[in-house]
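Open your viewer and get ready to click along. Each stop gives you something to select and tells you what is there.

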Amino acid sequence: MNTKPTLEEGSFEAISASNTIATDLVRKLISNYRDNQMQAVNKELGITDAHSIWFDLPKLKNFIATIENEAKKVNPDVPDEHLGIRFYYAAYPKAEDWAIMESHPVEKEYAERHTLVMIPTLKKEDENGEMLHYDFCPSSSGSILAMASKKDTSMTDPDTIAENHGALSPPENTKTEQFP
């Protein structure tokens, strides 16, 4: 499935303008992370952690299409604006614990570095009538849409729809980054 931009008020420029942040603010936000959280992680763990992650557009489009397609299979009436993606901060295991990565081919040089795990979300009304974005796995068997439950940590399916592996920098070359 190819995702296409939604034209708001008939103008591509209207969409582009809504997806911009002042360059100085971007620099400051990145600098804040590197000067604070990244330094603390590097000092505490004694590593050089990654400061960015890159995903190619086809991988992201495929992930989005998978969420849309699987959710529509279970509930054809779910509106697109009720679907989303939650980005969890995560970290790869230590090199000596790398066996856990056997089914997920990631290079061992990524050991202990942070990463992101993307999980589908669905907007749904809670017991108090509040609309919330719940983690869900649209392809889980046995339920209409398997919703997140902090009480039930057992999963009937061994896998969940998720995306993780992008190119971390470092170890990838930083010469292409505008915000090094």
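Here is a short walk through this predicted model, from a nonpolar core to charged pairs and one loop.

**Stop 1: the core.** Select Phe55, Phe63, Ile67, Ala71, Val78, Leu83, Met118, Leu122, Phe136, Cys137 and Ile161, the eleven residues of the largest nonpolar core. Helix α3 (57–74), β3 and β4 each supply at least two of them, and α3 gives the most, with three. In soluble globular proteins, nonpolar side chains tend to be buried together.

**Stop 2: Met118.** Now centre on Met118; beyond its neighbours within four places in sequence, its contacts include Phe55, Phe63, Ile161 and Glu163. A second, separate core of eight residues can be found too, with Trp98, Met101, Val106 and Leu168 among them.

**Stop 3: salt bridges.** There are five salt bridges in the model. Pick Lys59 and Glu163, whose closest N and O atoms are 3.7 Å apart. This pair joins helix α3 to the loop between β5 (146–147) and β6 (167–169), 104 residues apart. Glu163 is buried, at 17% relative accessible area, whereas Lys59 is partly exposed at 26%. Next, stay on α3 for Lys73 and Glu70, three residues apart, with a salt bridge of 3.0 Å, N to O. Lys73 is exposed, at 62%.

**Stop 4: Asp126.** Finally, move to the loop between β3 (114–125) and β4 (131–137) and select Asp126. What is the nearest side chain of opposite charge to this buried residue? It is Lys124, 9.7 Å away, and Asp126 has no salt bridge. A polar atom of the Asp126 side chain does lie 2.8 Å from the backbone nitrogen of Asn128. Show Leu132 and Tyr134 as well, since Asp126 touches both.

Definitions and conventions. Residues numbered from 1 in each chain as written. Predicted model: local features only at pLDDT ≥ 70, side-chain atom pairs only at ≥ 80, totals over all residues. Heavy atoms only, no water. Helix = DSSP H or I, 4+ residues; strand = E, 2+ residues; numbered from the N terminus. Buried < 20%, exposed > 50% of the residue type's maximum accessible area, 1.4 Å probe, protein only. Lys, Arg positive; Asp, Glu negative; His and termini not counted. Salt bridge = Lys/Arg side-chain N within 4 Å of Asp/Glu carboxyl O. Polar contact = N/O pair within 3.5 Å; in protein donor to acceptor, adjacent residues only side chain to side chain. Contact = heavy atoms within 4.5 Å. Core = buried A, V, L, I, M, F, W, Y, C linked by side-chain atoms within 4.5 Å.
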